[in-house]
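Biologist: I would like to go through this chain with you, step by step. Please keep the answers short.

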Amino acid sequence: MLKEKYADRIQAILAKYPPDRKRSAVMSLLYIAQEEYGWVNQQGIDEVAEICDLDPTQVNSIAGFYTMYSEKPKGKYWLHVCVDLACALSGADEFYENLKAYLEADVDGNSKDGLFTIEHAMCLGACDRAPMMQCNFHFHENLDLEKAKALIEQWRANEAKK
Ligand code: FES
């Protein structure tokens, strides 16, 4: 249960808002649910709804609207490659396809080893540093395929050590 496992974090988030405005904490709490379950599943939605005194349908509509919440299981390393205009002009489409092929990702973007999920993203605000991708909300910029492969192998090595 999120309430028990993340009690301190949840309390810190709720403390930012008046007691009668707990719904304002939904998005921050959805991040915790996603971190715990690997995606925003029904259990996470139900728990966030309970914490915020909301109906699960309301929480579900928020989770479904924003692309930073995944509605399906994904790899531990969630890669968003920006393919919006500025990045596309710097070869982002080819970069994305080559990286996806390197990961041997399926149609849903999940890598063969299950560790990665690769997806398109629209502008992430690093247009002058394209191609770029976000991994679990951390930016990696001025990439090419070789740099991205090095990152992938570093992350794989880190996981192998665990
Ligand atoms: S267009 Fe890719 S970061 Fe802006």
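**Loops, helices and sheet**

Modeller: This is a predicted model. We can start in a loop: D53 lies between α4 and α5.

Biologist: What is the phi of D53, and is D53 buried or exposed?

Modeller: Phi of D53 is near 55°, a positive value in a residue other than glycine. A residue with 12 or fewer other C-beta atoms within 10 Å is exposed. D53 has 10 C-beta neighbours inside 10 Å, so D53 counts as exposed.

Biologist: At what angle do the helices α4 and α5 pack, and how far apart are their axes?

Modeller: Two packed helices are described by the angle between their axes and the distance between the axes. Here α4 covers residues 42–52 and α5 covers residues 56–65. The crossing of the two is right-handed. The angle is about 120°, and the axes are 8 Å apart.

Biologist: Which residues make the contact between α4 and α5, and how do they divide by class?

Modeller: From α4 come I45, D46, V48 and A49. From α5 come P56, V59, N60 and A63. By class, the contact of α4 with α5 has 6 nonpolar, 1 polar and 1 charged residues.

Biologist: How does the domain assignment divide the chain, and what distance separates the centres?

Modeller: Domain 1 takes residues 2–65. Domain 2 takes residues 77–161. Taken over C-alpha atoms, the centres of domain 1 and domain 2 are separated by 28 Å.

Biologist: In what order do the strands form the sheet?

Modeller: The sheet is open and has 4 strands with mixed pairing. The edge strands, each paired on one side only, are β2 (116–121) and β4 (138–140). From one strand to the next, the twist averages 25°. The order is β2-β1-β3-β4.

Biologist: In which sense does β1 pair with β2, and in which with β3?

Modeller: Strands of a sheet pair through backbone hydrogen bonds, either parallel or antiparallel. W78 stands opposite T117 in β2, and H80 stands opposite Q134 in β3. Over 6 bridges, β1 and β2 pair in the parallel sense. Over 3 bridges, β1 and β3 pair in the antiparallel sense.

Biologist: Why is β1 largely enclosed by the rest of the structure?

Modeller: Burial here means 20 or more other C-beta atoms within 10 Å of a residue's own. Strand β1 is largely enclosed because, of its 6 residues, the number buried is 5.

Biologist: How many bridges join β3 to β4, and which residue stands opposite Q134 in β4?

Modeller: Strand β3 holds residues 133–135. β3 and β4 run antiparallel, joined by 3 bridges. Opposite Q134 in β4 stands F139.

Biologist: What is the phi of N136, and is N136 buried or exposed?

Modeller: N136 sits in the loop between β3 and β4. Its phi is positive, about 50°, although N136 is not a glycine. With 12 other C-beta atoms within 10 Å, N136 is exposed.

Biologist: Which residues are joined by a cis peptide bond?

Modeller: Look at the loop between β2 and β3, where P131 is placed. Omega of the cis bond is about -10°. The bond joins A130 and P131.

Biologist: At what angle do α7 and α8 pack, and which residues make the contact?

Modeller: Helix α8 holds residues 145–161; α7 and α8 pack at about 35°, with their axes 10 Å apart. The crossing is right-handed. From α7 the contact takes F95, N98, L99 and Y102, and from α8 L145, A148 and K149.

Biologist: How far apart are Q11 and R129 in space?

Modeller: Q11 is in helix α2, residues 7–14. Q11 is exposed, with 10 other C-beta atoms within 10 Å. In sequence, Q11 and R129 are 118 residues apart. In space, C-alpha to C-alpha, they are 37 Å apart.

Biologist: How many helices and strands are in the chain, and what share of its residues counts as buried?

Modeller: The chain has 8 helices and 4 strands. Along its principal axes the C-alpha trace spans about 50 × 35 × 25 Å. Of the 162 residues, the share that counts as buried is 26%.

Definitions and conventions: Residues are numbered from 1 along each chain as its sequence is written. This is a predicted model: local features need pLDDT of at least 70, side-chain atom pairs count only at pLDDT 80 or more; totals for chains, interfaces and linings use all residues. Two strands pair if DSSP finds at least two bridges between them. Axes are lines fitted to C-alpha atoms, for helices over the stretch in contact, and angles run from 0 to 180 degrees between N-to-C directions. A crossing is left-handed if the near helix is turned anticlockwise from the far one by less than a right angle, and right-handed if clockwise. Two residues are in contact if their C-beta atoms, placed from the backbone, lie within 7 Å. Ala, Val, Leu, Ile, Met, Phe, Trp, Tyr, Cys and Pro count as nonpolar, Asp, Glu, Lys and Arg as charged, and the others, Gly among them, as polar. Domain bounds come from an automatic or database domain assignment.
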